[in-house]
Amino acid sequence: MSDLNSKPPTIFERFLFWGTWVFALAAVAVAVYLGWRVSSARAEPVQTAFEPASVEEATSDIVLPPLEDKQVSAAIGRHPNLYTVIPNRPRQEVQDYTVTTGDSVFAIAQSFGIDPETILWANYDTLNDNPDQLSPGMELKIPPTNGVLYAWQEGDTLKGVAERFEAKVEDILTWSGNKLDLTNPTIEAGTFVMVPGGHREYRQWIVPTIPRGIAGVSSNLYGGGTCTGGYEGAFGTGGFVWPADNHYLSGNDYWSGHLAIDIAAGEGAGVYAADSGVVVFAGSALGGYGNMIMLDHGNGYQTLYAHLSSVGVGCGQSVYQGGYIGSSGSTGRSTGPHLHFEVRYLGGFVNPWFVLPAP
């Protein structure tokens, strides 16, 4: 018998009842679908987009490029370095060098990677600070670095030697080639010590500038080509031409220890007046110049031509720009034929490159 007093369900209770059934049926449907997917995946192998179904299918649409010979590209090859284990270290010892024909202090210095002044300072007893004293067979000391190679004297001190050559005491002490004990740096007399970065004034012997006026010089001082002076004659144009047919060097360039340029000129090649003037020296000269000519151009300039094989002019003679005055050679102190050419102005030296036309 039904309960006549019971109330009918509310709208919310009806919605909750039917919503629960719908949710349960949806959950069962999803579970059935997922089970079917899992069983299908196990039954059939998975084929990815990166794997072909078969070898035939994989190769049927592939077109291979034609086989060609391997081309060798043009490139710079690298040679093996045979000196990678032991590095090239700076030279620390003084090296002996024998001068050969054609040598110059400038070229020797370049080949050893040092300044030419360093070679002059290390060989004063041989060269007397004059690079033109170089001659074949001469033995030179080649220092390992730029500076002064000094023979230690009795009573010398590190401070005194450093001040003398305007260098630093610590540079002398720490130069590894000197092999000094930093705790007790004693140096025996006669030991050669390198003064890195040191320098000194040159003690050069040169033929002085000789004017066309009365010179009052003695041939005993400058050589047999000395002229007495008191001449009148041609004056210079103020411009210069090359004194030789070649316009390049064969030895020393102009630098503080060589106040001239050595122009390439073979034995007997013509030598010409760089400008018009009067001959004030013509003949043999002392100091390694050999046969020499000096011209006074009457405008403050003088030019000098040395190591000549022959002299073609005489004292007091007027010569004109480009005119023949003699022949090149290797007289005096020289390692081979060339023309030693100097330019002077008001008694001072001028770099010839500043006044000569471009080669």
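## A walk from a surface patch to a buried strand

Start on the outside: select Phe-17, Trp-18, Trp-21 and Leu-25, and you have a nonpolar surface patch of about 530 Å². Keep in mind as you go that this is a predicted model.

Now pick out Phe-17 from that group. Phe-17 sits in helix α1, which covers residues 11-43. Show its surface and you'll find Phe-17 partly exposed, at a relative accessible area of 45%.

**Next stop: Ser-104**

Jump to the loop between β1 (95-98) and α3 (105-112), and select Ser-104 there. Is Ser-104 buried or exposed? With 4% relative accessibility, Ser-104 is buried. Zoom in on the Ser-104 side chain: one of its polar atoms is 3.0 Å from the backbone nitrogen of Ala-107. Then bring up what else surrounds the serine. Setting aside neighbours within four places in sequence, Ser-104 has contacts with Leu-134, Gly-251 and Asn-252.

**On to the disulfide**

How many disulfides does a search of the whole structure find? Just one turns up. Select Cys-227 and Cys-315 to see the bond, with the two sulfurs 1.8 Å apart. Look along the S-S bond next: the torsion is about -80 degrees, so this disulfide is left-handed. Zoom out to see what is being linked. Cys-227 belongs to the loop between α8 (219-222) and β5 (261-263), while Cys-315 belongs to the loop between β9 (301-311) and β10 (318-319), so the pair ties together parts that are 88 residues apart in sequence.

Switch the surface on and check each end of the bond. Cys-227 counts as buried, at 2% relative accessibility, whereas Cys-315 is partly exposed, with a relative accessible area of 37%.

**Last stop: Phe-281**

From Cys-227 you can step straight to Phe-281, since Cys-227 is one of the residues in contact with Phe-281. You're now in strand β7, residues 277-285. Phe-281 is buried, at 0% relative accessibility.

Which residues are in contact with Phe-281, leaving aside neighbours within four places in sequence? Select Ile-210, Tyr-222, Gly-223, Gly-225, Thr-226 and Cys-227, then add Met-292, Ile-293 and Met-294. To finish, draw a C-alpha to C-alpha distance from Phe-281 to Met-292: these two are eleven residues apart in sequence and 7.1 Å apart in space.

Note on methods
Residues numbered from 1 in each chain as written. Predicted model: local features only at pLDDT ≥ 70, side-chain atom pairs only at ≥ 80, totals over all residues. Heavy atoms only, no water. Patch = residues over 30% accessible without salt bridge, like charges linked within 9 Å, V, L, I, M, F, W, Y side chains within 5 Å. Areas by Shrake-Rupley, 256 points an atom, 1.4 Å probe, with all protein chains shown as cover. Salt bridge = Lys/Arg side-chain N within 4 Å of Asp/Glu carboxyl O. Helix = DSSP H or I, 4+ residues; strand = E, 2+ residues; numbered from the N terminus. Buried < 20%, exposed > 50% of the residue type's maximum accessible area, 1.4 Å probe, protein only. Polar contact = N/O pair within 3.5 Å; in protein donor to acceptor, adjacent residues only side chain to side chain. Contact = heavy atoms within 4.5 Å. Disulfide = S-S within 2.5 Å.
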